[in-house]
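Work through the exercises below with the model open beside you, and try each task before reading its solution.

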Amino acid sequence: RLARRGRPPPLGLSMTTLHETAYPRLKPDPTAKELQDIYTPTEAERRCVDDIATGPVTRLALLLHLKVFQRLGHFTTLAEVPERIVQHVCRVVGMRRVPMERLASYDASGGKRGHLAQLRMFLNVRPLDDAGRAWLTTVAVNAAHTKHIVPDVVNVMLEELVHHRYELPAFSTLERMAIAAREQVHDAHFRQITDALTPAMRALIDELLLTPPGSSHSGWHALKREPKRPTNKEVRQYLQHIHRLRSLAEQLPPIDVTVPKLKQFRTMARALDASELAELIPVKRYALAAIFIRSQYRKTLDDAADLFIRLIQSLENSAQQKLLA
């Protein structure tokens with residue numbers, strides 16, 4: 001409901017989850033084949049680590065960071081690395097099992113930062129700096145023009161980050177950027193549509209959200225009317241409904257929005273009742289109402305054609321029965 005009203009969710013309220021995206025994750029219990037194929041250090045990798053550090057525990061920690069980075073696209077704490085991966089790398093380099101406390105102490109050491117910088121050079125990757133964030137924001141906004149679901153925007157960002165050899169930032173960072181990009185695109189669309197509406201049309205939309213005296217439904221509810229069984233009475237009433245919608249739609253300016261966004265905005269508008277629509281900020285309320293009125297008018301023309309076909313089919317079936325009789 002917070003999103004419906006045009007207000008951002010409070011901090012900590014995630015609108016999506018990590019598992020809905022392609023953001024890489026460590027399997028808690030990798031198979032023997034996965035351990036061999038993914039987490040076995042090569043000779044070049046072992047030589048790189050030997051050139052960086054001398055202590056066995058430090059070399060093991062660097063090998064774990066190196067192999068896990070190749071899987072995740074970012075560095076993580078060794079406490080988050082599954083035990084099976086640690087044991088596998090220990091066996092490969094001929095070490096006994098190292099207590100996780102010793103590895104955790106390396107993560108807290110002052111030398112880790114310099115060591116990881118050298119691993120980045122070996123992997124030919126770079127952390128996301130301010131220039132990279134500005135570039136990634138542009139990527140997210142471009143993706144949000146055609147994609148509405150936040151995980152879809154995040155997946156585009158992930159693909160571009162990997163392609164340009166960037167270290168992946170935290171998932172929460174990508175999610176916030178994707179949400180902000182989507183809202184920026186939506187706000188631009190809503191403002192463009194609302195600015196083109198005349199004051200009279202805005203007043204007419206506000207009037208649709210009110211329930212007339214003696215009626216149980218608002219004008220907004222009446223816009224969502226669906227055709228019923230094609231009786232003569234229903235056909236006459238539905239034609240009146242089309243005339244009302246046409247008179248509204250003809251007063252609206254053309255709406256220049258991509259088809260995927262237009263469908264999504266129409267779905268958003270249809271899901272709102274009059275009171276919920278009235279709670280939205282004005283720029284969003286008028287834009288969604290305008291989009292729904294125009295799209296609903298087009299839909300009623302399709303429904304009228306379907307109604308006509310069903311009516312003719314009913315007449316034909318009745319005629320065939322009478323002919324047989």
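Helices here are DSSP runs of H or I with at least four residues, numbered from the N terminus. The model is a predicted one.

**Exercise 1.** Describe the overall build of the protein, starting from its helices and strands.

*Solution.* Begin with the secondary structure, where the protein has 15 helices and 0 strands. Next, turn to the dimensions: along the principal axes, the C-alpha atoms fill a box of roughly 95 × 60 × 30 Å. The radius of gyration is 30 Å, whereas a compact globule of 325 residues would have one near 20 Å. Then look at the contacts, for among those between residues at least 6 apart in sequence, 73% join residues at least 24 apart.

**Exercise 2.** Work out how the protein presents its surface and its charges.

*Solution.* Start with burial, since 41% of the 325 residues count as buried. The exposed surface comes to about 18,200 Å², and carbon and sulfur atoms supply 55% of it. Finally, compare the charges: there are 47 positive and 35 negative ones, and their mean positions lie 4 Å apart.

**Exercise 3.** Follow helix H3 from its span to its surroundings, and find what Gly73 does just after it.

*Solution.* First, locate H3 at residues 56-72, a run of 17 residues that reaches 24 Å from its first C-alpha to its last, close to the 24 Å expected at 1.5 Å a residue. Second, consider burial, for which the cut-off is under 20% relative accessible area. Because 12 of its 17 residues are buried, H3 is largely enclosed by the rest of the structure. These buried residues include Leu60, Leu64 and Phe69, and also His65 and Lys67. Third, identify the cover, which includes helix H1 (32-38), helix H2 (43-52), helix H4 (83-92), helix H5 (100-107) and helix H6 (112-123). Last, step past the end of H3, where Gly73 takes a positive phi of about 85°.

**Exercise 4.** Is Leu288 buried or exposed, and which residues does Leu288 touch?

*Solution.* Begin by placing Leu288 in helix H15, which covers residues 282-324. Its relative accessibility is 0%, so Leu288 counts as buried. Leaving aside residues up to four places away in sequence, Leu288 touches Phe190, Phe265, Met268, Ala269, Leu272, Leu277 and Leu280. To end, set sequence beside space: Leu288 and Leu209 are 79 residues apart along the chain, while their C-alpha atoms are separated by 13 Å.

Terms used
Residues numbered from 1 in each chain as written. Predicted model: local features only at pLDDT ≥ 70, side-chain atom pairs only at ≥ 80, totals over all residues. Heavy atoms only, no water. Helix = DSSP H or I, 4+ residues; strand = E, 2+ residues; numbered from the N terminus. Rg over C-alpha atoms; globule rule 2.2 N^0.38 Å. Buried < 20%, exposed > 50% of the residue type's maximum accessible area, 1.4 Å probe, protein only. Contact = heavy atoms within 4.5 Å. Areas by Shrake-Rupley, 256 points an atom, 1.4 Å probe, with all protein chains shown as cover. Lys, Arg positive; Asp, Glu negative; His and termini not counted. Charge placed at Lys NZ, Arg CZ, Asp CG, Glu CD. Expected span 1.5 Å × (residues − 1).
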